Amino acid sequence: MGDQRCNRTIEAASVAKSIELKRTELENQAKEWDNSRAQRSEALDSILESLGSQVIPPDFHSTSSDSSIFGSQDGSDDGDEDISGPFADSLPGRSPTETLRNVLVHGVPNHHAARMRDRSKWKTLRDFVDEHAVNDLLESLEGDRNILDDILSRTSDYPESLANTISAIQATLPVDLALPSLDIIFSTQETALAEMAKHLTSLAEHYDQMASALRDNEAGEVFSREDIQEMNRDTEELPAIIADLEHSVSSVASSHEQLVAAKQQAESNLTTLKGALSDLDELSDIMAEMLDRQEAVQIEVSEHLTEMHNSLVSVEELCHRFTSYQYSYNQLLMELSRRRRYMEAAEKIIAGMMSQLTALTEEERLRREEFNTAHGEHLPSDVCLFVQNHPTRWEIVTGNNEALEVLPEIDADLLAEANSRLATAAGNVRTLGASQSL
């Protein structure tokens, strides 16, 4: 029974250790997810802060909800409800058929000069991000993490509970019983019994002799002095013999008491061990149920962690989307700068053409006046009437009466910032590629 008790206890301790190891493995997986979430959240915060640090000129956006890359936005908070986008069809005070000559002569009206000077009211790239959706995603991650904690908590007390139960059962177990040596007890009893038998035989012989002497004395026999001394000597030895008998009886009784006490202690220990075995049997059923629940928790945690990792992919995709948004905006600034250089070059060419046409037309007008002055009075008035006409005046207009393209003004520091960010992004891509190749 002791070996069975020991095996059951070892088995229970092994199950408790197994559950603890499985829980530790699950907790480590949860910590790995926490680390991944922290990294992605930090990256998301970083790109959002970067978006919030880059301003957008007012002419670049309108109040249309379509301008957001992640959802609808609230109306402008700076009172510029009528700001036109950079690619609007027309501007107030501008005719779609306005000629380049008038533009070159009078210039393009600057309707937003005052507002463009105050950048404190400008929107940033982050203003076009749907913060509510981002917060919903982050709150969803936190909710998933709380659900994971709830799942793990179902078996959190199993290792400690098993350890406490095992300790309680071990505390009820009796200490090892030190039984007296039965061989020594039985040997002592046999020796005592042999001595008692010897003394009793001697007493019986003494009483027989005394009874015979009494009969002989009654019959008139006279004893000699030596016979009387021998009988007196035997009688004097009786107390010692009686004492030896009493000592032997006491020794036998003591051995009997030891055996009875050992029996009672053994029976008590046996009862205690039976109770411990019963508790271990009950604990065995409980452990089987615990193992089943732990297995169910492992499966549920694994499935939930898969969903949580998928949610982290959404955060990573959001970071990539915002990064691409900022990168494309910086490319937009560089593209608008390139288009302005193209437009200025085209305007320069057109200005040159207009100057040449004006000079050529003026020269032609003077020559016609000289001809008409010299020869007009000598020609009949009804001959070649159109010779009195002035030269045709030329204008250069856009094709199909299209509106003249208008590009927003971009400050030099904004272009420099965009160029710096693009260079940094390109450097990061090269560094990433080099590390992956290694």
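These legends accompany close-up views of a predicted model.

**View 1. How confident is the predictor in this protein, and where does its pLDDT fall below 50?** The protein has an average pLDDT of 77, and 79% of the residues score at least 70. Over residues 63-69, however, the pLDDT is below 50, although the model gives this stretch 13 contacts beyond near neighbours in sequence. Residues 72-109 also stay under 50, with 58 contacts beyond four places in sequence. Please take care with such stretches: where pLDDT is low, the predicted coordinates should not be read in detail.

**View 2. The largest nonpolar core brings together 38 residues.** If you would like landmarks, start with L44, L51, V301 and F322, which have the most contacts inside this core. Two or more core residues come from each of α1 (2-52), β1 (55-56), α4 (131-153), α8 and α9 (412-437). Helix α8 provides the largest share, 14 residues. A second core, separate from this one, has 16 residues, including V15, I19, I166 and M287.

**View 3. One aromatic pair is counted in the model, and its partners are F60 and Y329.** The ring centres are 6.2 Å apart and the planes meet at 65°; the cut-off for edge-to-face is over 60 degrees, so this pair is edge-to-face. F60 sits in the loop between β1 and α2 (100-106), while Y329 belongs to helix α8, so that distant parts of the chain, 269 residues apart, are linked. Both F60 and Y329 are buried.

**View 4. N330 is a buried residue of helix α8.** This helix spans residues 238-375. Is N330 buried or exposed? With a relative accessible area of 2%, N330 falls in the buried class, for which the limit is under 20%. Which residues does N330 touch, apart from its neighbours within four places in sequence? Its contacts are Q54, A418, R421 and L422.

**View 5. A salt bridge joins E142 to R37, with N and O 2.9 Å apart.** E142 is in helix α4 and R37 is in helix α1, so the bridge ties together parts that are 105 residues apart in sequence. The two partners differ in accessibility: E142 is partly exposed at 37%, whereas R37 is buried at 19%. The model has 17 salt bridges in total. Another group to look for is D34, R145 and D149, which are linked in a network of salt bridges.

**View 6. E417 and R421 form a salt bridge within helix α9.** The N to O distance here is 3.0 Å. The two residues are 4 apart in the helix, which means that about one helical turn separates them. E417 is partly exposed, with a relative accessible area of 24%, and R421 is partly exposed as well, at 22%. R421 may be familiar from View 4, as it is one of the residues in contact with N330.

**View 7. E131 and R126 meet in a salt bridge.** Their closest N and O atoms are 2.5 Å apart. E131 has a relative accessibility of 26% and counts as partly exposed. R126, at 28%, is likewise partly exposed.

Conventions. Residues numbered from 1 in each chain as written. Predicted model: local features only at pLDDT ≥ 70, side-chain atom pairs only at ≥ 80, totals over all residues. Heavy atoms only, no water. Buried < 20%, exposed > 50% of the residue type's maximum accessible area, 1.4 Å probe, protein only. Contact = heavy atoms within 4.5 Å. pLDDT = per-residue confidence, 0-100. Core = buried A, V, L, I, M, F, W, Y, C linked by side-chain atoms within 4.5 Å. Phe/Tyr/Trp six-rings, centres within 6.5 Å; stacked < 30°, edge-to-face > 60°. Salt bridge = Lys/Arg side-chain N within 4 Å of Asp/Glu carboxyl O.
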